[in-house]
Amino acid sequence: RVGTASGSVGGSTSRLWKSLPKLPHWKWLPGLDSSGHERPVGNGLSRIRKEAGREWIELLPGGWQAYPLPVGPVGVPHVVEVEYPTQAAQTLGISVVEPNAAGIVTPIGLNSGVDVAAGTGPLAGGWERHRLIFWPRSTTPFLLIANRRDDVPAAFGTLRVLTGPKALPARPTAAGEDARLMALYFDRPLLADAFLAGDTLDAGSDRSLTDWVTFLQAGTRFVEYLKHTGHNGAMLSVWHEGGAIYPSGVLQSTPKYDSGLFFGTGQDPVRKDILELLFRLFDREGLTLVPALQFSTPLPELETLRRRQVLPPESAGIELVAADGRTWRQLFAADRAVGPVYNPLSPPVQKAMQRVMLELGQRYGQHRSFGGVAVQLGPQTYAQLPDAQWAHDD
């Protein structure tokens, strides 16, 4: 089983690495043609193994190594390939690590990985390659490879880096190809991080902040990546944990996913409509975009009702009540910023949620790429009940 982490940009193949198709318009970069030819940085929990004329690196539980990546022009798409064996159970974490404009390496970035169940390889002693597409923001990126299991070692072989054209080539489509929606899913609006879009250093605060150029670059790479990987659409969370990437009259969103409000120059005095930008890019490329909403933070309309001393009869029961009679806020408000604070069975809660969805549909429904509105479900949201111990109100 080979896959990529949620909200990341990666690639994989289920075939043997020997039959892996060559990438047209891409060329090898010198300097990293074998895992044993570069001197990595690590925590010492690794060793070199040799068997049957092949050499590879074995990472013990908790082990990691970071390799400097040779890159071509900054901002041009690159591919890093990691060989890994398929006959032993293991989980490899694969990340491209670079500092931002302020020189700080943040934990959120381009992360991918490989998970192999024991004995699932197509042939005995088989090796496969995992491909990860990235856009270097500097000439000194690192490839971080870590063992994500604490019970068994992990192994990888040759590392290769390729540089490509200025833009990702689109995957050719065959005549009569299935036109059903094949969408890439992002559970958080972290496009700038996933596609390594450039940020800007704010001279007044020495912080790395996002501006319009950041999101235009991220959106352009987003649609290129979709067409390159054969997707014809995407489902993207546009309101998550209280942060939205579009202006709203019914939400009081935070700048969690757009830090441009903090520029000392005041160049972004109002919230950017990043979602409108994405819809225009999707319109131009003939793709489908489905915005998704996560109902996990308070709504101003319902908070106004909750603060009233005497609730009207039709507004009673808007808070989620447990079997012991206490509300979610009384149990968890001190240590949880998000959660199922409202009762989804309450008519006022349902109407308030509908207004959020209707606003989104009315604002962007005229776009050709508009594919409807999705709702993210989960026990941390009030779009569904957490379990049978909740919603014990009158």
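Two strands count as paired here if DSSP finds at least two bridges between them. Keep that rule in mind, because the first half of this talk rests on it. Before going further: the model on the screen is a predicted one.

I start with strands E4 and E5. Strand E5 covers residues 54-59, and 6 bridges join E4 to E5, with the two running antiparallel. Two of the partners can be picked out on the screen. Lys50 has Glu55 in E5 as its bridge partner, and Ile48 has Ile57 in E5. The hairpin made by E4 and E5 has 2 residues between the strands, and in this hairpin Ala52 takes a positive phi near 55°.

What lies on the other side of E5? There E5 pairs with E12, again in the antiparallel sense, over 3 bridges. Ile57 comes up a second time, since it stands opposite Phe156 in E12. So Ile57 can be followed both ways: Ile48 is bridged to Ile57, and Phe156 in E12 stands opposite Ile57.

Put together, these 3 strands form an open sheet in the order E4-E5-E12, with antiparallel pairing. Strand E4, residues 46-51, and strand E12, residues 154-156, are at the edges; each has a single partner strand, so one side of each has no neighbour in the sheet. On average, neighbouring strands of this sheet are turned by 35° against each other, direction ignored.

As a general point for reading any of these strands on the screen, side chains in a regular strand alternate between the two faces of the sheet.

Now the other sheet I want to show. It is an open sheet of 5 strands in the order E3-E6-E11-E8-E9, and the pairing is antiparallel. Which strands stand at the edges of this sheet? They are E3 and strand E9, residues 110-116; each has a single partner strand, so one side of each is left without a neighbour in the sheet.

I will walk through some of its pairings. Strand E3, residues 41-42, pairs with strand E6, residues 64-68, over 2 bridges in the antiparallel sense. In that pairing Gly42 stands opposite Gln65 in E6. E6 in turn pairs with strand E11, residues 142-147, over 5 bridges, also antiparallel. Here Ala66 has Leu144 in E11 as its bridge partner. E11 is also joined to strand E8, residues 90-97, by 6 bridges, and these two run antiparallel. Leu92 stands opposite Asn147 in E11.

That is enough on strands; next, a pair of helices. Two packed helices are described by the angle between their axes and the distance between the axes. Helix H2, residues 212-229, packs against helix H3, residues 274-285, at an angle of about 35°, and the axes are 10 Å apart. The crossing of H2 and H3 is right-handed. On the H2 side, the residues that meet H3 include Trp212, Phe215, Leu216, Phe222 and Val223. On the H3 side, among them are Ile274, Leu277, Leu278 and Phe282. The residues of this contact divide into 11 nonpolar, 2 polar and 2 charged.

Last, the cavities. How many cavities of 30 Å³ or more are counted? The count comes to 2.

The largest cavity has a volume of about 40 Å³. Its lining is made up of Pro189, Leu191, Phe215, Ile245 and Ile274. That lining divides into 5 nonpolar residues, no polar and no charged. Phe215 and Ile274 were named a moment ago: Phe215 is in the contact from H2 and Ile274 from H3, and both line this cavity.

The second largest cavity holds about 30 Å³ of space. The residues lining this second cavity are Val250, Leu299, Glu301, Ala352, Arg355 and Val356. Helix H6, residues 347-364, gives the most to this lining, with 3 residues. This lining divides into 4 nonpolar, no polar and 2 charged residues.

That is what I have on the sheets, the helix pair and the cavities.

Technical notes. Residues numbered from 1 in each chain as written. Predicted model: local features only at pLDDT ≥ 70, side-chain atom pairs only at ≥ 80, totals over all residues. Heavy atoms only, no water. Helix = DSSP H or I, 4+ residues; strand = E, 2+ residues; numbered from the N terminus. Axes fitted to C-alpha atoms, helices over the stretch in contact; angles between N-to-C directions. 1 Å grid on protein atoms, 1.4 Å probe; cavity = no way out; pocket = protein on both sides within 12 Å on 5 of 7 lines; lining within 4 Å. Points joined across faces, edges and corners; volume = space filled by probe spheres on them. Nonpolar A, V, L, I, M, F, W, Y, C, P; charged D, E, K, R; others polar. Left-handed = near helix turned anticlockwise from the far one by under 90°. Contact = heavy atoms within 4.5 Å.
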